[in-house]
Amino acid sequence: MLGMSTELIVPPVGESVSQVVVGQWLKPEGAWVDRDELVVVLETDKVNMEVFAPVAGRVAKVLKKAGDTASVGDVLGLVEEGDGSREMGDGSKEKKAPSPKKEDPPKKDEPRVMPAAQRALAEAGLKAEDVKGTGPGGRILKEDVPSKPVPTASPISNLPSPISTDSRQEEVIPMTPLRKTVANRLVEAQQAAALLTTFNEVDMTAVMELRSRHQEAFTKKYGIKLGFMSFFVKASVEALKTFPAINAEIRESNIVYRNYYDIGVAVGGGKGLVVPVLRNAERLSFAQVEQSIADFGARARDGKLKLEELQGGTFTISNGGVYGSLLSTPIVNPPQSGVLGMHKIQERPIALGGQVVIRPMMYLALTYDHRLVDGREAVSFLIRIKDCLEEPARLLIEI
């Protein structure tokens, strides 16, 4: 028998996220759901979220359809509680079919397609069966859909006349939640803080030689390669200890200083750039930093990062060098007061000991909130990082 209705509500999704986009309803109206069974998937600007049935019953009403925008606390739909049976006309009861075992899920006739992926499929002229889903449970994400090929121009000899008949077209598509949030955060950062950027450069010779010398042993012991990011994380922690204002934040009329270092590391993911946080980076070894970053990257591509892993950083490192950037001005992620930009390593001639030598050089950029951080501190911060990287032994003996 069915009874009272229970609401499916958009759960809290983190301090910086207020809206979600309703993805696919895995249980349509009238379908039976067991308690704690997945009912609907929500898309946020950072990760996908799954909403489970709080009670057993039937989905009585879908109030927010796929593609709709919803806020935290909104009611997505109603589930009528019951024991899995309903009265028939002759007074008998119809029992629901037993649910499949979790380890043996039922086969679906069609792949699960997220709303953004549905639009991408339509634009590319493809069907869901034409692509392989890499999202949770095999769901098809926008990133799984190949881009629509750009038509090539016909040979001039094949043109009937020199007059072009191509039309001028425009395509209007809604901004994704990620793009909306990025846009809002960028504007917020520019309007709410006094941002300046200072630059320096570092000779990466010592770090590269150290990596080359110990790479094989490091990989054999820890199962992961020794990268550059762990050196920059450790160097940043040492610099932040020396200049605590860059690890602080302005909160109303107060300055909040911290004795811990939660370093956000920008990584590319399936939904765009995300910044998971290395908690208490000062306590992590080089291997732990590398393992954590590799894990973040893999789960970001699969959309499996947790919201709490993307919140609460005290300082951020962004590596534009992996995309070939030689120099850039990173933007602070409020309410943080600083962000370090890494760039491409490039061999350049430098003057060293009265001679011109070729060295692998990297430009560094520090964007900082001038309301809290003075120029002298910002410049000295970069010099501290430069010193730690050009003499990595400083990181071991903390000098």
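**Close-up 1. Buried residues of helix α4 in the predicted model.** The buried residues of α4 (buried meaning under 20% relative accessible area, exposed over 50% and partly exposed in between, with a 1.4 Å probe and protein chains only) are Met 229, Ser 230, Phe 231, Phe 232, Val 233, Lys 234, Ala 235, Ser 236, Val 237, Glu 238, Ala 239 and Leu 240. Helix α4 is thus mostly covered, with 12 of its 14 residues buried. Helices are DSSP runs of H or I with at least four residues, numbered from the N terminus. For α4 (residues 229-242), 1.5 Å a residue gives an expected span of 20 Å, which agrees with the 20 Å between its end C-alpha atoms; the expected span is 1.5 Å times one less than the number of residues. This is a predicted model, in which local features need pLDDT of at least 70 and side-chain atom pairs count only at pLDDT 80 or more, whereas totals for chains, interfaces and linings use all residues. Residues are numbered from 1 along each chain as its sequence is written, and side-chain values use heavy atoms, with hydrogens and water left out.

**Close-up 2. An aromatic pair in helix α3.** The structure holds three aromatic pairs (ring centres within 6.5 Å; planes under 30 degrees apart are stacked, over 60 edge-to-face and the rest tilted, with the six-membered ring used for Trp). The rings of Phe 218 and Tyr 222 have centres 4.9 Å apart and planes at 50°, so this pair is tilted. Phe 218 and Tyr 222 lie four residues apart in α3 (residues 205-222), and are therefore separated by about one helical turn. Phe 218 is buried, at 11% relative accessible area, while Tyr 222 is partly exposed, at 34%.

**Close-up 3. Arginine charges over aromatic rings.** The charged end of Arg 211 sits over the ring of Phe 228, 4.1 Å from the ring centre (NZ of Lys or CZ of Arg within 6 Å of the centre and within 35 degrees of the ring normal). The charged end of Arg 348 sits over the ring of Tyr 363, 4.1 Å from its centre.

Note on methods: Helix = DSSP H or I, 4+ residues; strand = E, 2+ residues; numbered from the N terminus.
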